[in-house]
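Please open the structure in your viewer, with selection by residue number at hand, and follow the stops below in order.

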Amino acid sequence: MDWAEKGSGLADSGYRRELGNGLVLRWSSTEDADGLASLAGTVFRHQESDPPNARMATWTRDMLSGRHPLIGPDGFALVEDTANGEIVAGACLLSEAWDYEDIMLPVGRPEVVATLPEYRRRGLVRAIFELLHARSAALGHLLQVITGIPWYYRQFGYAYAVEMAPGISVPVSEIPPLGPGVDEPYRLRAATIGDIPELIRLYDEERAGKLISTPISAEYWRWAIEGVDPQGDSFLLPWLVTDPDGGVAGYALTALETHRGALRVDALGLKRGLWLSALPSVLRELATLGARLPDRRGGSSPVSSVALYLPSSHPALEVLRSLLRSPRGMDDAYAWYVRAHHLPALLRHVAPALERRLAASPFAGYSGDLTIDFYRDAVRLVFKAGRLTEAPARGAPATAEPKVGIPPDVFPQMLFGYRDLGELRYAYPDVTIGGEAQALLPVLFPKRESWALWLG
């Protein structure tokens, strides 16, 4: 059986399994919208005394509507208590794509992982993830990715392996004010369906050169502009930046609401040469926008900052160092969890990128074998004249001290450019490298910046 077909019975929409005590594991349908929305609204609250989270409930309904571009009505795995008909646990699988340089990676992304408090510690989420992983494999996804609770998803085979953009807080009080009697030179306007080609161009220009990035289809841009319920907790609002003549000067993606006085911005692009002159104007516009948006906890609150979650090499961050008295980071370092369930298949898929790196290095035209021991199994990379001709999986080598030994939950950090070989050897004593592999591996797997956006 091919690896992508394994577990396809679990992936079938009609699958059901008794878990005992009247609990049934199954896939969702449109009839489950109310129950799953209630579950999400109940679980995703800051504290038990808070009202149900209406935004999470609305977003859940959007995903079950049959209109969402990344998921269908059967995309939630859930547990129902047949004694009362209540959905007591659930999670969904979004079907996405990431780019590895210019190579498309099919990706499955679990989301809305929720269990009612009185049903926790019974293994329900583990059973749900068994279904999600089976569905993801059946769809041909090469990896699964998720964000969320620190450490928690390690239990299900995930490890931190792709960087997330760090956050910089821009206090509204430190944004340079507009001079008296001067019109704002750059404005934000809501993107329309007719703007989609320009949005695609601006966004693709922004993500060019990243190791991992998130392509966004025209279908998804259309959903973000006119399909999504603005009362939900979904993707970001697309805006265009216009210049004094009304022409397009850039774009921005913002949250649908503010949170604790901050407006979150996850993408910001301007035409080359405009950053120094236009950024203060754009920041003023973002602060004004934040004052108009609802607050996540209900009602409205004064906007005290603009939170920019941008790649560390982003030009806006360079300009901000000259504009602000004290640029302040928002969060500690964080990363995407990744589950790479079949590393040989993944390596074969990204072979063109590995070959390009060889061709641009002193190893151009390399011929040889490189066996990477994952300690329980291994993969053998066979290169001939700089081309990867084979990458078969095999049992772990018999030698007790392999020339290349990397734990399987550590290797993705190198594959996805999150950490370089030296950092991994320092952090993990069971990363063992010898021979020419010490020079070859940094060529094949360099440390690189990534920018993977959260889609919803």
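Begin by selecting Leu94, which has its place in strand β4 of what is a predicted model. Leu94 has a relative accessible area of 0% and is therefore buried. If you display its surroundings and leave out residues up to four places away in sequence, you will find Leu94 touching Met63, His68, Leu70, Ile71, Val107, Gly108, Arg109, Glu111 and Leu455. For a sense of scale, add Ile149, which stands 55 residues from Leu94 in sequence and 18 Å from it in space, taken from C-alpha to C-alpha.

Next, select helix α3, residues 54-63, to which one of the contacts of Leu94, Met63, belongs as a buried residue. How many of the 10 residues of this helix are buried? The count is 8, so the helix is largely enclosed by the rest of the structure. The buried residues are Arg55, Met56, Ala57, Thr58, Trp59, Thr60, Asp62 and Met63, and the elements covering them include α2 (33-43), β3 (76-81), β4 (86-100), β5 (103-115), α6 (218-227) and β12 (248-259). At the N-terminal end of α3, show the side chain of Asn53, which acts as a cap, with an oxygen 3.1 Å from the backbone nitrogen of Arg55.

From there, move to α6, where Tyr220, Trp221, Trp223, Ala224 and Gly227 are buried. Colour α3, α5 (196-207), β11 (237-242) and β12 separately, since these are the elements against which the buried residues of α6 pack.

Return now to the covering strand β3 and select Glu80, which lies in it. Is this residue buried or exposed? Glu80 counts as buried because its relative accessibility is 16%, where the cut-off for burial is under 20%. Its side chain forms a polar contact of 3.1 Å with the side chain of Arg26. Setting aside neighbours within four places in sequence, Glu80 is in contact with Gly22, Leu23, Val24, Arg26, Gly85, Glu86 and Ile87.

The next stop is an enclosed space. There is 1 cavity of 30 Å³ or more, and the largest cavity has a volume of about 40 Å³. To find it, select its lining, made up of Leu36, Leu39, Ala40, Thr60, Phe76, Gly90, Ala91, Val112 and Ala114. At least two lining residues come from each of α2, β4 and β5, and α2 gives the most, with 3 residues. By class, this lining holds 7 nonpolar and 2 polar residues, with no charged ones.

For an open space instead, go to the second largest pocket, which holds about 440 Å³. It is lined by 17 residues, and those closest to its centre are Ala340, His341, His342, Asp377 and Pro408. Showing β16 (335-339) and α9 (343-349) as ribbons is useful here, as these are the elements that give two or more residues to the lining. The lining residues divide into 10 nonpolar, 3 polar and 4 charged.

Finish at the hairpin of β17 (residues 368-373) and β18 (residues 377-384), two strands that run antiparallel and are joined by 6 bridges. Within this pairing, Asp373 stands opposite Ala378 in β18. Between the strands are 3 residues, and when you check the backbone torsions, Tyr375 is the place to look, with a positive phi near 80°.

Notes: Residues numbered from 1 in each chain as written. Predicted model: local features only at pLDDT ≥ 70, side-chain atom pairs only at ≥ 80, totals over all residues. Heavy atoms only, no water. Buried < 20%, exposed > 50% of the residue type's maximum accessible area, 1.4 Å probe, protein only. Helix = DSSP H or I, 4+ residues; strand = E, 2+ residues; numbered from the N terminus. Contact = heavy atoms within 4.5 Å. Polar contact = N/O pair within 3.5 Å; in protein donor to acceptor, adjacent residues only side chain to side chain. 1 Å grid on protein atoms, 1.4 Å probe; cavity = no way out; pocket = protein on both sides within 12 Å on 5 of 7 lines; lining within 4 Å. Points joined across faces, edges and corners; volume = space filled by probe spheres on them. Nonpolar A, V, L, I, M, F, W, Y, C, P; charged D, E, K, R; others polar. Pairing = 2+ DSSP bridges.
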